[in-house]
Amino acid sequence: MRIYFEKIPEEGLEIDFSDSFETSESFFNINSFNGTIYAVNENFILTGNLNITIKDSCDRCLRKFNEDIEEKILIEIVKESSADTKTEEIELKDEDMGLYFVSEEHIDLEEIISQEAVLLRPVKRLCDQECKGLCPICGTNLNEEYCSCKQEKDDRWADLKKLLENKNRNEV
């Protein structure tokens, strides 16, 4: 969905938008984006509510699950003149987050909202906070069934554990 700068009225342009797209790891359904775009000096402000559903795989058990996310977004769109456009890469700072630079005479709303949706995707994706994951030996999903594999003990911390137990006994 393209929005041309000259079509944005002074009082702002109301936007209702929905879409879906896929990345290599996840499927994103933009259930709705309801917002407004305003002209502010030479730039534009896009604000609104983004409601998405992400179909993903759990990092612990690999089961597919849906995660619903609702977020208010505020984006500043900076219109660059062709003289400002450089071919070299520049490093963005923290204060540049939420800025989109465009050199065309329009805004590609699908691209901007899709990028925001991808940024909202959690780094650690879990189907449930209590997910037990997979057995590292046999691969059984421990959420669904019990396995009888013998877990090897990790003795690297045994000495520290003894020190803490001795300290606790001495404090009592």
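A pocket here is an open set of grid points with protein on both sides within 12 Å along at least five of seven lines. The legends below describe a predicted model.

**Figure 1. The second largest pocket holds about 200 Å³ of space.** Three elements each give two or more residues to the lining of this pocket: strand 6 (99–102), strand 7 (106–108) and helix 1 (109–120). The lining residues are Tyr100, Phe101, Val102, Glu104, His106, Ile107, Asp108, Glu111, Ile112 and Gln115. By class, the lining splits into five nonpolar, two polar and three charged residues.

**Figure 2. Asn43 pairs with Glu76 through their side chains.** Asn43 sits in strand 4, which covers residues 43–57. The polar contact between the side chains of Asn43 and Glu76 spans 3.1 Å. Leaving aside residues up to four places away in sequence, Asn43 touches Tyr38, Glu76, Ile77, Val78 and Lys79. Glu76 therefore appears both as a polar partner of Asn43 and among the residues that Asn43 touches.

**Figure 3. Cys61 and Cys127 are not bonded.** The closest cysteine sulfur to that of Cys61 belongs to Cys127, at 3.7 Å. A disulfide needs the two sulfur atoms within 2.5 Å, so this pair is too far apart for a bond. Cys61 counts as buried because its relative accessibility is 5%, and buried means under 20%.

**Figure 4. Cys135 and Cys147 are not bonded either.** The sulfur of Cys135 has its closest cysteine sulfur in Cys147, at 3.5 Å. That distance is too far for a bond, because the cut-off is 2.5 Å. Cys135 is also buried, with a relative accessibility of 4%. By the distance rule, the count of disulfides comes to zero.

**Figure 5. The chain places seven strands and two helices in one run.** From the N terminus on, the order of elements is β-β-β-β-β-β-β-α-α. Strand 4, with Asn43, is part of this run. So are strand 6, strand 7 and helix 1, from the pocket view. The chain has 172 residues, of which 30% are buried. Among contacts with a separation of 6 or more, 51% join residues 24 or more positions apart.

Methods. Residues are numbered from 1 along each chain as its sequence is written. This is a predicted model: local features need pLDDT of at least 70, side-chain atom pairs count only at pLDDT 80 or more; totals for chains, interfaces and linings use all residues. Side-chain values use heavy atoms; hydrogens and water are left out. Helices (H or I, at least four residues) and strands (E, at least two) are DSSP runs, numbered from the N terminus. A polar contact is a pair of N or O atoms within 3.5 Å; within protein, one must be able to donate a hydrogen and the other to accept it, and residues adjacent in sequence count only if both atoms are side-chain atoms. Contact means heavy atoms within 4.5 Å. On a 1 Å grid over the protein atoms alone, a cavity is a set of points where a 1.4 Å probe fits but cannot get out, and a pocket is an open set with protein on both sides within 12 Å along at least five of seven lines; lining residues have an atom within 4 Å of a point. Grid points are joined across faces, edges and corners, and a volume is the space filled by probe spheres set on the points. Ala, Val, Leu, Ile, Met, Phe, Trp, Tyr, Cys and Pro count as nonpolar, Asp, Glu, Lys and Arg as charged, and the others, Gly among them, as polar. Buried means under 20% relative accessible area, exposed over 50%, partly exposed in between (1.4 Å probe, protein chains only).
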